[in-house]
Amino acid sequence: MNRRRVVITGAGTINALGNGVAAFLEGLRSGRSGIGELTAFDSRGFRTKYAAQVNDLRAPHWIPAALRRRASRSDMLALHATREALTTASFPALPDDAGIVIGATTGGMFGGEEYFRRKFLDQARTRRSNILATPVSTTVDLLAQLLECGGPRLTVSTACSSGANALGIAADWIRTGVTPVVLCGGSDSLCRMTFSGFNALQALDPAPCRPFDRRRAGLTLGEGSAMFVFEDAEHAAARGAKPLAEFLGYGISADAHHITQPRPDGAGAELATRRALEDSGVGIEEIDYINAHGTATVLNDVIETRALHAVFGVRAAKIPVSSTKSMIGHCLGAAGALEALAGILAIRESFVPPTIGLEEADPECDLDYVTEGARSAKVRSVLSNSYGFGGNNTCIILRAID
Amino acid sequence: MNLRPETEIVVTGIGILSPIGIGAPHFWSALTQGISGIRPVAGATAAPTVAAQLVDYVPRDLIRTPHLRRMDKVSRALVAAARLAVDDAGVGAESLASDRCGIVVGTVYGNLGESAQYFQRFVTKGPALASPMLFPNLVLNAPASYAAMELGCVGPNLTVCSGETSGESALAQACMLITTGKADIVLAGGVDEIDDVSLEGYRGFRALSSQRGGREWGSPYDTRRNGVVLGEGAAVLVLESATHARARRATALATIRSVLQFGVPASTFDWPRRSGIAATRLRAWLKRSAAKVGAVFGSANSSRWLDTFELAELGDVFGEAAASVALTSIKGAIGEFSAAGALTGAAAALAVRHGTIPPLCNLEEADPAATLSLVQRATPRSDGSILQLGVARGGGCVALLWETPT
């Protein structure tokens, strides 16, 4: 059977670096940090006051008023990114059978929390709209309603690898002929539940996060969305669309080890990477840039480095590896999608985004983390890693259009 | 990637924790006798005063590792169902530990019940006292991750959500993992419990039975149905490529012949209304699959709108032949929840295996809009495929075609 190729014909984003791909690119290029003081909710009582927040977030004007009221913070992020993705893909409207798949972890929890806060503080007036949009699958249903999509729809929730898995599932739908066009990506908003949870696990760095640094003390949470139009290459060619990049393949594995901690030997991460290379038909010598999971937790950065050594051998030291979480924070369910976009931009704009905040090298993290700022480089193939809570590992591979 | 589109996918084992019994044999026996798991909720004064609550079981009997101590109620149910399924299928530890063995779980609310508890502590005692023990179990993928730990599965691991069709979506995604060659064997199913968030959601929409008057009960396709009765439970099916099942000499219970995921117009938070689109999509798919359907396992949950939608669209699918197609829904027995489709899938597989279509529960006065033959008591399965149809609020639909293995 002739394998269908999957190309990316549209991309959009909103994150702490700004609203839109242009702002994101400018931020990555200049090594600007999107991390600042958290204002979405009260940060008192937490280890840190820092977050990579999207400021002045509002529901977009182009959706009906009734839905604007009900849209959760996470829905709004996805709506902004979707609009841009459809515009770049030159789709005034998606085809009838277009699919939608999104990675998300907390959905409308930010609003749900308000509902519960009122309820637990015995305030009689709770708002129904706060609770309705809580389920993670709401964002996809909302998009399907607004865009009148009649194809398959799904939300994938595998913690921090959700966004990467959403892209993989979209590609599978296209490759197996389920549908030729899929809107896919990830969206997650900041909320008190995750903030307090990572805080309680002592996984938040009191200072802005410092991936791969010896002094790193945890992650900085962020929020945002990146959405893409994935398309069967022939379908895209037939309508004259100009693809941004090709989605080559992905690999997925489970640690089967611990609910919060990664496997110390990095075997799960290694397996996902090997499977991604195999699925993509790409050799280790072809990878030009690795967008690391790089959360800046003590364990992750060492284990990820170890897994890269295991897979790439002597070549590991020669490939630039960076964590864009140093600029946009850890956006959980959206992280994999946002980092895929960073990879696409690296390919298209011929540069490698930096890891910022890394000043003191950790002897156990001994790769080229691009600390001097964005670097000009010809980038053809990109590996992007996403490892999640519960031991969910997903790696994706993107490639330049020849 | 080596696509394997011609791969036959079979079910070789089933594990169920339900309101009508633990384990596939008890579940099937109750289902075919028309026993409903909808019972009074102890101490309830406002709707819901009835619900299909999971019957008691001893987690320790089914979960053997120290992980049990850390697991929340929802994860325990899913892991226990996975263990039952694996035992039923006779899958050995070696196969499970292979990177060719995956897990796909469908859920929407997961452990949200505990998240309310977690948040109460946060709100009343302050953020610093949020529980580090409780938090990791709140992620939606906790049940799937605990299952991987318990069974040692290092292959693909996914948690998928699509409202009330999350169970069906898990089955669909599991088939995808096998078809795309990412796994040879996948434990697929779903889990959900009755929790505050889902309850408040339905209550806020006045979608629960009796909220708009009448007595509280669950009676799919009955004229006097008046809303949803909530349920809970877990089901896991062992799906394998037929080649893999044959190689290990496993008995195939049923085959999933084809899957169709699609959407119909609907308001994001409400059931779809008849548009004819579902019928058109289903008809085209059945034609493509050259399938003759003998029975339908619908998703009717006693909601006025969902049942009406389903009766109308199915009527359009089968037209003149509708009367020769049997129609049932198991939600009168197990209630409605996001993973109900996993239990319905299990029921469809068991129906293929045993040659019996289980009856609707609590059906007193059949909706005259039904043109298909509503199943009033357990009936022998006629030739032809079983169509499982899942419909979610917001308009997401998943359909599966179940057949006798070749």
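# Exercises on a predicted two-chain model

In β8(A), Val181(A) has Glu231(A) as its bridge partner. The model is predicted, and the predictor assigns the complex an ipTM of 0.97 and a pTM of 0.97. In chain B, the average pLDDT is 94, and 99% of the residues score at least 70.

## Exercise 1. Strand β8 of chain A

Task: Determine which strands pair with β8(A), and in which sense.

Solution.
1. Strand β7 of chain A, residues 181-188, pairs with β8(A) in the antiparallel sense over 8 bridges.
2. Strand β1 of chain A, residues 6-15, is joined to β8(A) by 9 bridges, and these strands also run antiparallel. Within this pairing, Thr13(A) stands opposite Ala226(A).
3. Turn next to burial. β8(A) covers residues 224-232, and 9 of its 9 residues are buried.
4. Both faces are covered: one side carries Gly224(A), Ala226(A), Phe228(A), Phe230(A) and Asp232(A), while Ser225(A), Met227(A), Val229(A) and Glu231(A) lie on the other.

## Exercise 2. The contact between the chains

Task: State how many residues of each chain are in contact, and describe the side of chain A that touches chain B.

Solution.
1. The contact involves 62 residues of chain A and 65 residues of chain B.
2. Several elements of chain A each supply at least two residues to this side, among them α4 (109-120), β6 (153-156), α7 (162-175) and β9 (245-254).
3. The largest share, 6 residues, comes from α8(A).
4. By class, the side of chain A that touches chain B has 25 nonpolar, 26 polar and 11 charged residues.
5. Strand pairing also crosses between the chains: β6(A) pairs with strand β6 of chain B, residues 157-161, in the antiparallel sense over 2 bridges. Here Thr155(A) has Cys161(B) as its bridge partner.

## Exercise 3. Helix α4 of chain B and the nonpolar core

Task: Identify which residues touch the most other members of the largest nonpolar core, and which helix gives the most to this core.

Solution.
1. The core holds 295 residues, of which Ala81(B) and Leu237(B) touch the most other members.
2. Helix α4 of chain B, residues 73-89, gives the most to this core, with 11 residues.
3. Leaving aside residues up to four places away in sequence, Ala81(B) touches Gly15(B), Ile16(B), Leu17(B), Gly189(B), Ala234(B), Ala235(B) and Val236(B).
4. Of the 17 residues of α4(B), 15 are buried, so the helix is largely enclosed by the rest of the structure.
5. From first C-alpha to last, α4(B) reaches 24 Å, close to the 24 Å expected at 1.5 Å a residue. Gly90(B), with a positive phi near 65°, follows the helix.

## Exercise 4. Strand β16 of chain B

Task: Explain why β16(B) counts as largely enclosed, and locate its partner strands.

Solution.
1. Strand β16 of chain B spans residues 396-403; 8 of its 8 residues are buried, so the strand is largely enclosed by the rest of the structure.
2. Gly396(B), Val398(B), Leu400(B) and Trp402(B) occupy one side, with Cys397(B), Ala399(B), Leu401(B) and Glu403(B) on the other.
3. Strand β9 of chain B, residues 254-263, pairs with β16(B) in the antiparallel sense over 8 bridges; Phe262(B) has Cys397(B) as its bridge partner.
4. Strand β15 of chain B, residues 385-391, is joined antiparallel to β16(B) by 6 bridges, and Ile386(B) stands opposite Trp402(B).
5. The hairpin of β15(B) and β16(B) has 4 residues between the strands, and Gly394(B) takes a positive phi near 95° there.

Definitions and conventions
Residues numbered from 1 in each chain as written. Chains lettered and ligands numbered in written order. Predicted model: local features only at pLDDT ≥ 70, side-chain atom pairs only at ≥ 80, totals over all residues. Contact = placed C-beta atoms within 7 Å. Nonpolar A, V, L, I, M, F, W, Y, C, P; charged D, E, K, R; others polar. Pairing = 2+ DSSP bridges. pLDDT = per-residue confidence, 0-100. Buried ≥ 20, exposed ≤ 12 C-beta atoms within 10 Å, placed from the backbone. Core = buried A, V, L, I, M, F, W, Y, C linked by C-beta atoms within 7 Å. Expected span 1.5 Å × (residues − 1).
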